[in-house]
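Work through the exercises below with the sequence and the coordinates at hand. Each task is followed by a solution in steps.

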Amino acid sequence: MGIGLLGLLSLAACGSTGSGRKVSAPASGSAGAPSSTPASTPADKPVDAPASAPAASATPILHARDYVLTQGPETAGFILNTSPDKQSNPQISEKKLAACLGVPLADVQDRATDSAEGPYLSSADRLTIVGSEAEIAPAADVTRDAATFTRAQTPGCFGQLFFPSFQEELAGSGERATLNSSRSLPPPAGATNALRMVMTLTTGKTHVPLTLDLIFIMSGRVESSVMVIQVNGVPDATLEQNLTRQVAGKVARQSGLTAA
């Protein structure tokens with residue numbers, strides 16, 4: 001499971017603008033069209049039955065970019081951040097996550113075939129920042145990852161493993177960060193799971209509270225996450241529900257997903 005959060009947090013901490021990287025879908029070859037029937041056939045030779053068309057792929061090709069948060073009515077009043085993101089945006093170590101959870105490495109390994117990040121959007125006052133990520137993975141992995149977030153250790157492990165990278169990113173900026181808590185959050189309708197990290201950013205004698213909510217929408221072969229950062233408060237529940245509704249609607253329409 002690949003969760004890159006540093007770009008969003010850097011926006012909140014440093015006040016810089018950024019846009020998420022996007023990993024393009026791998027090029028895939030399309031099946032060729034059946035050969036055309038010969039122009040003429042000798043009368044004394046039986047006509048062969050036309051070759052059947054190649055069978056449709058059992059697994060439809062999905063693109064992660066189709067399952068991220070995009071601008072729309074749900075983000076009215078938010079500004080698109082378009083400057084390049086210079087942050088390294090590291091991922092949580094799978095080995096360390098497995099050790100923290102007390103499970104085999106295979107239980108957390110990321111076998112995604114495609115991944116993408118949506119745009120970063122911020123409110124006019126820059127106190128609220130939203131973004132998203134999506135991955136395409138085997139359905140069994142999606143089910144496994146959704147179950148991982150129900151484990152009691154997961155919120156603490158995510159906070160414990162992610163936060164040192166954030167602190168390193170702040171090194172040299174004159175800012176410091178403290179992780180106050182990391183816990184499960186009742187997910188908005190349509191979401192699978194949610195986590196909340198509460199932090200304090202310190203510059204000199206100024207202490208700024210910051211809350212990061214991670215909302216996960218996992219179904220079929222798609223894992224999407226919506227990230228909402230709120231400076232000086234907690235994210236608005238109505239905003240989070242609206243953002244979740246947009247992404248959950250996209251995930252529900254993925255090709256090959258059996259209707260419930």
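The exercises concern a predicted model and go from the whole chain to single residues.

**Exercise 1. The chain as a whole**

Task: State how many helices and strands the chain has, give their order, and describe burial and contacts.

Solution:
- Step 1. The chain contains five helices and eight strands.
- Step 2. Read from the N terminus, the order is α-β-α-β-β-β-α-α-β-β-β-β-α.
- Step 3. The chain has 260 residues, and 43% of them count as buried.
- Step 4. Take the contacts between residues at least 6 apart in sequence: 70% of these join residues at least 24 apart.
- Step 5. The accessible surface is about 13,000 Å², and carbon and sulfur atoms account for 55% of that surface.

**Exercise 2. The disulfide**

Task: Find the disulfide, give its handedness and say which elements it joins.

Solution:
- Step 1. A search of the whole structure returns one disulfide.
- Step 2. Its partners are C100 and C157, with sulfur atoms 2.0 Å apart.
- Step 3. The torsion about the S-S bond of C100 and C157 is about -90°, so this disulfide is left-handed.
- Step 4. C100 belongs to helix α2 (residues 94–101) and C157 to helix α4 (residues 154–170), so the pair ties together parts that are 57 residues apart in sequence.
- Step 5. C100 is partly exposed, at 25% relative accessibility, whereas C157 is buried at 2%.

**Exercise 3. Helix α3 and its charged residues**

Task: List the buried residues of helix α3, say what they pack against, and trace the salt bridges of R144.

Solution:
- Step 1. In helix α3 (residues 139–148), the buried residues are D141, V142, R144, D145, A146 and T148.
- Step 2. Their packing partners are α2, α4, β6 (193–203), β7 (206–219) and β8 (222–231).
- Step 3. R144 pairs with D141 in a salt bridge whose closest N and O atoms are 3.9 Å apart.
- Step 4. D141 and R144 are three residues apart in helix α3, which means about one helical turn between them. In general, an α-helix has 3.6 residues a turn, so residues three or four places apart point the same way.
- Step 5. The cut-off for burial is under 20% relative accessible area. D141, at 5%, counts as buried, and R144, at 18%, does as well.
- Step 6. R144 also forms a salt bridge with D145, with 2.9 Å between the closest N and O atoms; both of these residues are buried.

**Exercise 4. A salt bridge between strands**

Task: Locate the salt bridge of D213 and R196 in the fold, then name the residues of the salt-bridge network.

Solution:
- Step 1. The structure holds four salt bridges.
- Step 2. In one of them, the side chains of D213 and R196 meet at 2.7 Å, N to O.
- Step 3. D213 is in strand β7 and R196 in strand β6, so the pair ties together parts that are 17 residues apart in sequence.
- Step 4. Both D213 and R196 are buried.
- Step 5. Elsewhere, salt bridges with shared partners join R111, D141, R144 and D145 into one network.

**Exercise 5. Helix α5**

Task: Compare the expected and actual span of helix α5, then describe its start and its packing.

Solution:
- Step 1. Helix α5 (residues 237–252) has 16 residues and should span 22 Å at 1.5 Å a residue.
- Step 2. Its end C-alpha atoms are 22 Å apart, in agreement with that span.
- Step 3. At the start of α5, a side-chain oxygen of D236 comes to within 3.2 Å of the backbone nitrogen of T238.
- Step 4. The buried residues of α5 include L239, L243, V247 and V251.
- Step 5. The buried residues of α5 pack against β1 (78–80), β4 (128–136), β7 and β8.

**Exercise 6. A buried serine**

Task: Describe the surroundings of S224.

Solution:
- Step 1. S224 lies in strand β8 and is buried, with a relative accessible area of 1%.
- Step 2. A polar atom of the S224 side chain is 2.9 Å from the backbone oxygen of Y67.
- Step 3. Beyond neighbours within four places in sequence, S224 contacts Y67, E133, A134, I215, F216, I217, V247 and V251.

**Exercise 7. Positive phi**

Task: Place R126 and N232 in the fold and give their phi angles.

Solution:
- Step 1. R126, though not a glycine, has a positive phi of about 65°. R126 sits in the loop between β3 (121–123) and β4 and is partly exposed at 27%.
- Step 2. N232, also not a glycine, has a positive phi of about 60°. N232 sits in the loop between β8 and α5 and is exposed at 51%.

Methods: Residues numbered from 1 in each chain as written. Predicted model: local features only at pLDDT ≥ 70, side-chain atom pairs only at ≥ 80, totals over all residues. Heavy atoms only, no water. Helix = DSSP H or I, 4+ residues; strand = E, 2+ residues; numbered from the N terminus. Buried < 20%, exposed > 50% of the residue type's maximum accessible area, 1.4 Å probe, protein only. Contact = heavy atoms within 4.5 Å. Areas by Shrake-Rupley, 256 points an atom, 1.4 Å probe, with all protein chains shown as cover. Disulfide = S-S within 2.5 Å. Expected span 1.5 Å × (residues − 1). Polar contact = N/O pair within 3.5 Å; in protein donor to acceptor, adjacent residues only side chain to side chain.
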